[in-house]
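Biologist: Could you walk me through the helix packing here? I would like to hear the criteria behind each label.

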Amino acid sequence: MAIQGDMRPLAMLPLRDIVVFPHMVVPLFVGRAKSIAALEEASANDRELFLVAQRQAGQDDPGEGDVYEIGTVGTIVQMLRLPDGTVKVLVEGKQRARIGRFEQSDPFFACSVERIGETEEVDAQGQTLVEALHEGFEKYVKLNKKIPPETLNSVTQLESIPRLSDAVAAQLNLKIEQRQELLEILEPARRIEEVLNLLNAELEVLEVEGKIRTRVKKQMERSQKEYYLNEQMRAIQKELGERDEFKNEMQELEEQLAEKNLPEEVQTRAEKEIRKLKMMSPMSAEATVVRNYVDWILALPWDEYKDEKKDVTHAETVLDEDHYGLEKPKERIVEYLAVQSLVEKMKGPILCLVGPPGVGKTSLGKSIARATGRDFVRMSLGGVRDEAEIRGHRRTYIGALPGKVIQSLKKAGSSNPVFLLDEIDKMSTDFRGDPSSALLEVLDPEQNHTFADHYLDLDYDLSRIMFVCTANVLHQIPRPLQDRMEIIQLPGYIESEKLQIAKNFLVPKVREANGLQEDWIEFSDAGITEIIRSYTRESGVRNLERELASICRKVARDVVKEGADKATKRKVTPTLVKKLLGVQKFRFGEREDEDRVGLCTGLAYTETGGELLQTEVAVTTGKGKLQITGRLGEVMQESANAAASYVRSRAKQLGLSRDFYSKIDLHVHVPEGATPKDGPSAGITIATAIASALTRVPVRSNVAMTGEITLRGRVLPIGGLKEKLIAALRGGIEKVLIPKENEKDLKEVPSNITSKLELVPVEHMDEVLAQALAVEDPARFLREGDHAIEDIYDPLPEADLETEIPAGVN
């Protein structure tokens with residue numbers, strides 16, 4: 001760079017929105033008076049003038065401080081006056097220059113300038129930059145179609161760093177400030193680096209724009225191609241005389257809508273959606289969504305109800321044919337049909353069958369549908385954790401569908417089916433919502449006549465549906481949901497019921513499934529009973545069916561070996577059962593052979609039925625410790641402690657010393673330690689065993705008992721009495737002690753059970769000991785009538801404990 005000493009004044013032309021680089025030829029339109037005067041002055045002399053950019057383009061009369069310091073000395077190539085008074089001039093930049101001083105401002109600006117010379121030498125590094133700039137500009141011209149090809153040719157021939165950098169800068173899409181900065185960079189090496197950086201930035205922008213343009217073009221070409229092909233197809237169909245398929249579909253939809261008897265709101269919505277569909281292109285994505293929505297509206301049975309069978313006798317016959325026992329749900333269904341025959345329209349009942357697996361809850365739903373003549377649909381709720389499974393997705397989602405409730409009604413084809421909600425206690429919750437809360441509306445008779453599915457966004461009447469829910473346990477069903485259902489408890493089948501189910505239902509079923517004729521196999525009652533007792537332990541009959549099927553398969557194998565013509569009839573007896581099924585898997589409790597000290601027989605209730613529960617007590621030398629084993633639950637452990645406290649309170653009546661407990665340890669054990677046990681009903685059993693162990697008086701082996709004990713020795717009621725009595729009879733028990741308050745429950749126990757047992761209701765533990773201990777004179781042993789416990793300690797009398805506390809006393 002060299003500053004030349006030429007300081008002669010030149011006319012100055014302020015420029016707006018443009019920076020003129022050296023060797024750049026540019027046309028200008030000049031309209032301001034001072035600018036025109038400057039052009040005339042330059043033309044009259046040697047045609048040279050100073051071109052400099054204004055700092056603010058909107059300023060019409062710039063002053064000395066309103067223009068940049070560095071500009072370009074240029075020459076006028078051509079000048080033309082236009083009719084409107086403006087002047088079009090073609091100027092060419094020659095050399096950078098800096099303003100020295102202003103000579104005049106009227107009638108035009110004139111200033112002395114210092115011309116800035118530049119070296120043309122190019123070293124190795126400069127050559128590299130020149131090649132990089134050539135290569136980059138070539139890419140730029142390919143991407144930017146506004147630059148003519150001849151410009152590329154002229155630029156690529158330049159080898160001088162100053163001229164090349166100015167020529168490329170003039171072609172870039174830069175702001176005025178950026179152009180002025182490049183003009184003011186006087187070192188050629190730094191200027192060409194800056195131009196290269198700006199060029200690379202422009203290339204990145206152009207490449208992104210090119211990718212976007214290409215993508216848009218492809219999409220437009222695809223759309224145009226599809227439109228063109230569709231139009232061709234329409235033209236071909238028209239020439240062949242075929243009907244327009246889309247118009248035909250619209251006509252079919254309108255005909256279906258006219259045939260359907262829809263509610264007013266649904267009718268209006270369907271007509272609106274069909275009108276919208278007509279105005280759409282059949283190939284658009286929105287048209288598919290609208291079409292699916294209209295199809296769902298037309299496919300649902302909005303006002304279609306199946307005629308119900310109201311014959312109560314027929315219903316009873318059907319229910320008895322399909323299921324043995326289950327009296328309560330059968331009775332409820334018959335009651336509903338009876339009311340239905342008297343009332344023209346009533347809300348469908350919402351039943352919840354709660355019971356252990358395998359007792360026939362799901363199959364009962366099918367039987368109800370057959371008995372009432374309704375359609376049957378089943379919806380499994382096991383593992384469902386998304387609220388949309390019940391209410392559906394809104395149409396804004398891709399692939400949206402109605403919920404399972406609406407889908408099931410479409411499948412049923414009527415609006416009053418028997419709707420089975422299976423495993424309602426197995427639902428769970430996550431971030432997608434709580435399906436049990438969505439069911440509150442479905443199962444509420446006061447709300448379900450206006451059930452709103454998210455997909456349909458229309459009210460659907462579910463009030464005529466007969467909902468039947470099934471569950472294994474009640475406590476896993478939310479309380480608000482329980483409140484909306486009529487709970488019917490289904491206990492497990494007792495042994496006699498399983499025998500009848502096997503004879504009447506299971507044996508014919510498994511015999512047919514295994515291809516056996518009646519002449520080839522016969523099951524005896526004793527054989528079936530042996531399977532029930534020794535090879536299954538369940539509340540239902542699924543395992544029983546499997547064991548029966550196993551026997552049938554083994555018999556089928558023998559029949560095939562012998563030949564169907566020579567096969568003999570096999571009677572399944574307990575002996576054959578043991579031979580075919582192998583070692584017994586289970587054993588049922590049986591009474592002891594003789595009276596024993598510290599061993600008492602209790603009765604327990606499990607989900608698989610009743611069981612005999614042997615309770616053992618051992619007395620050892622110690623310091624009053626009570627040890628309880630046998631995997632007992634908290635409630636049962638508390639019963640054991642209460643029983644021990646009662647025996648200690650009756651020490652005098654039992655002939656024990658006042659401080660006997662301080663010299664001994666008691667160990668209460670309930671065998672089958674791997675099986676969890678809980679509940680309060682073993683209280684009197686544990687108390688009797690403790691009393692027997694302490695007094696060395698044996699307990700009668702033919703007596704079993706059940707009941708909760710209090711510290712005062714009262715016997716409180718228990719549950720599962722029927723199952724317990726069945727277990728007692730099966731185990732060879734002759735006498736059963738039951739709480740006095742459970743006498744009312746004997747009505748539900750079959751007479752063939754109660755007639756074979758001696759049932760003794762008891763109110764107090766002294767009565768239990770009198771019946772259970774093997775003594776000749778129980779009254780004398782227990783000092784009859786002496787139930788006072790003040791000899792042991794001095795509590796308040798029982799009457800005082802129950803006295804009401806006056807108001808205001810804390």
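Modeller: Here are three helix topics, each with its criterion. This is a predicted model, where local features need pLDDT of at least 70, side-chain atom pairs count only at pLDDT 80 or more, and totals for chains, interfaces and linings use all residues. Residues are numbered from 1 along each chain as its sequence is written, and side-chain values use heavy atoms, leaving out hydrogens and water.

Biologist: Why are α2 and α4 called roughly parallel?

Modeller: Helix α2 (residues 124-143) and helix α4 (residues 161-171) pack at about 25 degrees, with axes 11 Å apart. Angles under 35 degrees count as roughly parallel, over 145 as roughly antiparallel, 65 to 115 as roughly perpendicular and the rest as oblique, so α2 and α4 earn the label roughly parallel.

Biologist: And what makes α19 roughly perpendicular to α20?

Modeller: The axes of α19 (residues 542-562) and α20 (residues 574-581) come within 10 Å and cross at roughly 85 degrees. That makes α19 roughly perpendicular to α20. In contact terms (heavy atoms within 4.5 Å), Glu547, Ser550, Ile551 and Lys554 in α19 meet Val577, Leu580 and Leu581 in α20.

Biologist: How do you know that the buried residues of α14 are on the same side?

Modeller: Buried means under 20% relative accessible area, with exposed over 50% and partly exposed in between (1.4 Å probe, protein chains only). In α14 (residues 404-412), Val405, Ile406, Ser408, Leu409 and Ala412 are buried. They cover an arc of only 160 degrees around the axis, which puts them on the same side of α14; the arc is that of the directions from the helix axis to the C-beta atoms.

Methods:
Axes are lines fitted to C-alpha atoms, for helices over the stretch in contact, and angles run from 0 to 180 degrees between N-to-C directions. Helices (H or I, at least four residues) and strands (E, at least two) are DSSP runs, numbered from the N terminus.
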